[in-house]
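I'm opening a fresh notebook page for this one. Below are my lookups, in the order I made them.

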Amino acid sequence: MPDGQPLGRSKFNPGVWKRAIRATDVPDDRSNGMHVLRHTYASVLLDAGESIKALSAYLGHADPGFTLRA
């Protein structure tokens with residue numbers, strides 16, 4: 001953001017993500033939402049060998065146990 005803070009979900013989702021989805025032939029529904037992108041990110045990191053502890057921190061989870069249950 002102009003003030004140096006990270007772009008939050010409430011700004012990114014409608015301002016960037018939804019606009020990008022609508023500019024393609026990809027359906028604009030829950031199966032292509034930001035949460036799916038988050039899960040894809042987690043899966044790619046795990047497949048690449050990232051530890052569950054590090055992934056938990058990246059996702060902002062309180063503990064790796066929560067990450068495994070999510």
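Is Leu55 buried or exposed? I found Leu55 buried, with a relative accessible area of 1%. My cut-offs: buried means under 20% relative accessible area, exposed means over 50%, and partly exposed is in between, with a 1.4 Å probe and protein chains only.

Ground rules before I go on. This is a predicted model, where local features need pLDDT of at least 70 and side-chain atom pairs count only at pLDDT 80 or more, while totals for chains, interfaces and linings use all residues. Residues are numbered from 1 along each chain as its sequence is written, and side-chain values use heavy atoms, with hydrogens and water left out.

**Entry: the whole chain**

I looked up the elements and got 4 helices and 0 strands. From the N terminus on, the order reads α-α-α-α. Helices (H or I, at least four residues) and strands (E, at least two) are DSSP runs, numbered from the N terminus.

Next I checked the dimensions. The C-alpha trace spans about 35 × 35 × 20 Å along its principal axes. The radius of gyration is 14 Å, whereas a compact globule of 70 residues would have one near 11 Å. That radius is taken over C-alpha atoms, and the globule rule is 2.2 Å times the number of residues to the power 0.38.

Buried residues make up 16% of the 70 residues. I also asked about contacts, meaning heavy atoms within 4.5 Å. Of the contacts with a separation of 6 or more, 0% come from residues 24 or more positions apart.

**Entry: helix H3**

Back to Leu55, which sits in helix H3, residues 52-59. What does Leu55 touch, leaving aside neighbours within four places in sequence? I listed Ala42, Leu45, Leu46, Glu50 and Thr67. The C-alpha atoms of Leu55 and Thr67 are 7.9 Å apart, and the two residues are 12 apart along the chain.

Ser56 is in H3 too, and I noted it as buried, at 2% relative accessible area. Not counting residues up to four places away, Ser56 touches His61, Asp63, Pro64 and Thr67.

In H3 I wrote down Ala54, Leu55, Ser56 and Leu59 as buried. The buried residues of H3 pack against helix H2 (34-47) and helix H4 (64-69). After H3 comes Gly60, with a positive phi near 80 degrees.

**Entry: salt bridges**

How many salt bridges does the structure hold? I got 2, counting a side-chain nitrogen of Lys or Arg within 4 Å of a carboxyl oxygen of Asp or Glu.

One joins Asp28 to Lys18, with the closest N and O atoms 2.8 Å apart. Asp28 lies in the loop between H1 and H2 and Lys18 in helix H1, so this pair ties together parts that are 10 residues apart in sequence. Arg22 also bridges to Asp28, with the closest N and O atoms 3.0 Å apart. I therefore logged Lys18, Arg22 and Asp28 as a salt-bridge network.

On exposure, Asp28 is partly exposed at 35%, Lys18 is partly exposed at 21%, and Arg22 is exposed at 56%.

**Entry: the surface**

I found a nonpolar surface patch of Met1, Leu7 and Val16, with about 250 Å² of accessible area together. Leu7 belongs to the segment before helix H1 (9-22) and is partly exposed at 41% relative accessibility. Patches use residues with over 30% relative accessible area and no salt bridge; like charges are joined within 9 Å, and nonpolar side chains (Val, Leu, Ile, Met, Phe, Trp, Tyr) within 5 Å.

Last lookup: the chain exposes about 5,500 Å², and carbon and sulfur atoms supply 58% of it. Accessible areas come from the Shrake-Rupley method with a 1.4 Å probe; for residues, only the protein chains shown count as cover.
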